[in-house]
Amino acid sequence: MKKLLNKLSDMLNAAAIAVAIAAIVVTAVSCSVQVFSRYVLNNSFSWTEELCRYASIVVYMFGFSIATKHGSNPRIDALSNLLKGKGQYWHAIFCAVATIVCAAFIIWFGIKAMPMGARSRSSVLGIPASYMYVVIMVSMGLCVIHSLAGICNDVDRIRGKET
């Protein structure tokens, strides 16, 4: 089970990195087009700002899941550095469980907000607001999978097994 969870976590993390890189490129291009149109053409495009905003949300949310995979979120490094031996693993497990609980609440409220988001669209691009809810829920789902894999690995470390 642990190997399957780790493999799934690795594959999903690679996909999240690809999506985040694509969103970074979209953000950079749309911001560059906005600057060019505003300062060179003296007429800014309205769609570039909205596209940049949505691409930034994708970057932030998938970046959070990538950071979770690598143990960067939401650990309190000052406390973790004070702990020795198995205490660091227990702290990591506690943080992973807290991440799972928070992600579950975010996913739950995202599901509840989906019908309302399906009715509203962005003003320029016409993108349904529910798409952003899906991005948030998917990234939180990735955080849950990464956290579960981390818990399995930390439990093995506590037991003295290598991961």
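A residue is called buried when its relative accessible area is under 20%. In this predicted model, His146 has a relative accessibility of 4% and therefore counts as buried. His146 is part of helix α5, and it makes a convenient place to begin a tour of the structure. Which residues are in contact with His146, leaving aside its neighbours within four places in sequence? They are Ser9, Asn13, Ser65, Thr68 and Lys69. Of these contacts, Ser9 and Asn13 are themselves among the buried residues of α1.

The helix that holds His146 can be considered next. Helix α5 runs over residues 130-158 and has 29 residues. From its first C-alpha to its last, α5 reaches 41 Å, close to the 42 Å expected at 1.5 Å a residue. Just after α5 comes Gly160, which takes a positive phi of about 90°.

Helix α1 covers residues 2-39. At 1.5 Å a residue, its 38 residues should span 56 Å, and the C-alpha atoms at its ends are 54 Å apart, which agrees. Which residues of α1 are buried? The list begins with Leu5, Asn6, Ser9, Asn13, Ala16 and Ala20, and continues with Ala23, Thr27, Ser30, Gln34 and Ser37. The cover over these buried residues includes α2 and α5.

The interior comes next. In soluble globular proteins, nonpolar side chains tend to be buried together. Here the largest nonpolar core has 16 residues, and the members that touch the most others are Ala16, Val58, Phe62, Val135 and Met140. At least two residues of this core come from each of α1, α2 (46-69) and α5. Apart from this core lies another, of five residues, including Ile93, Ala96, Ile151 and Ile158. Back in the largest core, Val135 can be followed through its contacts: not counting residues up to four places away in sequence, Val135 touches Val58, Met61 and Phe62. Two of these partners, Val58 and Phe62, are named with Val135 among the members that touch the most others.

Helix α4 (residues 86-119) is the place of Ile107. Is Ile107 buried or partly exposed? With a relative accessibility of 23%, Ile107 counts as partly exposed, since buried means under 20%. Setting aside residues up to four places away in sequence, Ile107 touches Met137, Met140 and Gly141. Between Ile107 and Val155, which are 48 residues apart along the chain, the separation of the C-alpha atoms is 26 Å.

Charged pairs form another part of the picture. Side chains of opposite charge can pair when their charged atoms come close. How many salt bridges does the count come to? The count is four, and three of them can be described in turn. In one, Asp156 pairs with Lys2, with the closest N and O atoms 2.7 Å apart. Asp156 belongs to helix α5 and Lys2 to helix α1, so this pair ties together parts that are 154 residues apart in sequence. Asp156 counts as buried at 12% relative accessibility, whereas Lys2, at 21%, counts as partly exposed.

Another salt bridge joins Lys69 and Asp10, whose closest N and O atoms are 2.6 Å apart. Lys69 lies in helix α2 and Asp10 in helix α1, so here the parts tied together are 59 residues apart in sequence. Lys69 is partly exposed, with a relative accessible area of 23%, and Asp10 also counts as partly exposed, at 43%. Lys69 has been met before, as one of the contacts of His146.

The salt bridge between Glu49 and Arg53 has an N to O distance of 3.6 Å. Both residues lie in helix α2, four residues apart, or about one turn of the helix. Glu49 has a relative accessible area of 47% and is partly exposed; Arg53, with 42%, is partly exposed as well.

Finally, the surface has a nonpolar patch of about 850 Å², made by Val35, Phe36, Tyr39, Val40, Leu41, Phe45, Trp47, Val124 and Leu125. Helix α1 gives the most to this patch, with three residues. One member of the patch, Phe45, lies in the loop between α1 and α2. With a relative accessible area of 33%, Phe45 is partly exposed.

Terms used: Residues numbered from 1 in each chain as written. Predicted model: local features only at pLDDT ≥ 70, side-chain atom pairs only at ≥ 80, totals over all residues. Heavy atoms only, no water. Core = buried A, V, L, I, M, F, W, Y, C linked by side-chain atoms within 4.5 Å. Buried < 20%, exposed > 50% of the residue type's maximum accessible area, 1.4 Å probe, protein only. Contact = heavy atoms within 4.5 Å. Expected span 1.5 Å × (residues − 1). Patch = residues over 30% accessible without salt bridge, like charges linked within 9 Å, V, L, I, M, F, W, Y side chains within 5 Å. Areas by Shrake-Rupley, 256 points an atom, 1.4 Å probe, with all protein chains shown as cover. Salt bridge = Lys/Arg side-chain N within 4 Å of Asp/Glu carboxyl O.
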